[in-house]
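Visitor: I would like to learn how to read the disulfides of a model like this one. Could we go through them together?

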Amino acid sequence: MHISVAEGLTRNCLTSNGKCARKGVACDDAFGEGWIDKGKCCNERPCCIYKCPNLCRSANYSCGFEDHSCVFQFDTLGDYVWSYKTGSTTTAGTGPLEAAEGTHYLYTDANNGENGTTAILTTAATNLPACPYCLSFKYHMMGPHVGTLEFLAGEKGSTLRRVWKYIGGLSFSHDDWRNDTENIPQYCNPVVSMTIDSFIFFGTNTELLKVKHMTFTIISTRGDGTIGDIAIDDILLRTGACGKYINDIFPN
């Protein structure tokens, strides 16, 4: 692929960078509103990309798991599922003593299911505004069989993109909840996913879609033993970049 100094495509137009329209046809006429000219494909055909519209509006979504009103909803059948919990988990050597905030949290119990089975939470039922987001969360990972905690982002219905990952046991004690925060960029139709998994790797979507909503997903995959509970609590999604929220999320 050849790219000009102006970042326009000068010869080949790969799907990941756009689509080729017919010669003499404008991008918005070929593909619809929002498609713009970004250079040339072969035979002087315009290379078109979709520019995400400015659809952002202020929105906050918080999940402390004190009730069942969280924007993240269960999407798993089977023995290995996300579960509400108060106090400590049932297995010695893993899990928190209590919630990070309030009295309830969610966790996946490594006593259930088999190695490689998954538990899923998703916001797919809610139309979230298409914006950049600040995602903050608290998590507990203690024990020799803990898998991977992972956040993913991508276009809805497509393969997801990794934005944050931690492998294995991290917490040193039952009260050692950890904090993190991540900037999620705006996609035309992003999906963000938190994955707990030792084995799954995700690629990158190659289509640009004109969609106006975002979806967030959390996935837990059971590790290879029973001392590997993973807990989450105090999830907060806010539209906008994390910089202006960081002191509110993790005050000194």
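Visitor: Is cysteine 41 buried or exposed?

Guide: Burial is judged by relative accessible area, where buried means under 20%, exposed over 50% and partly exposed in between, with a 1.4 Å probe and protein chains only. Cysteine 41 is buried, with a relative accessible area of 4%, whereas cysteine 20, at 25%, counts as partly exposed. This is a predicted model, in which local features need pLDDT of at least 70, side-chain atom pairs count only at pLDDT 80 or more, and totals for chains, interfaces and linings use all residues. Residues are numbered from 1 along each chain as its sequence is written, and side-chain values use heavy atoms, with hydrogens and water left out.

Visitor: Which parts does the disulfide of cysteine 20 and cysteine 41 tie together?

Guide: A disulfide is a covalent bond between the sulfur atoms of two cysteines; here the term is applied to a pair of cysteine sulfur atoms within 2.5 Å. The sulfur atoms of cysteine 20 and cysteine 41 are 2.2 Å apart. Cysteine 20 lies in strand E1 and cysteine 41 in the loop between strand E2 and strand E3, so the pair ties together parts that are 21 residues apart in sequence. Strands (E, at least two residues) and helices (H or I, at least four) are DSSP runs, numbered from the N terminus.

Visitor: How many disulfides does the structure hold?

Guide: The structure holds four, including one that joins cysteine 134 to cysteine 242, S to S 2.3 Å. With 110° about the S-S bond, this link of cysteine 134 and cysteine 242 is right-handed.
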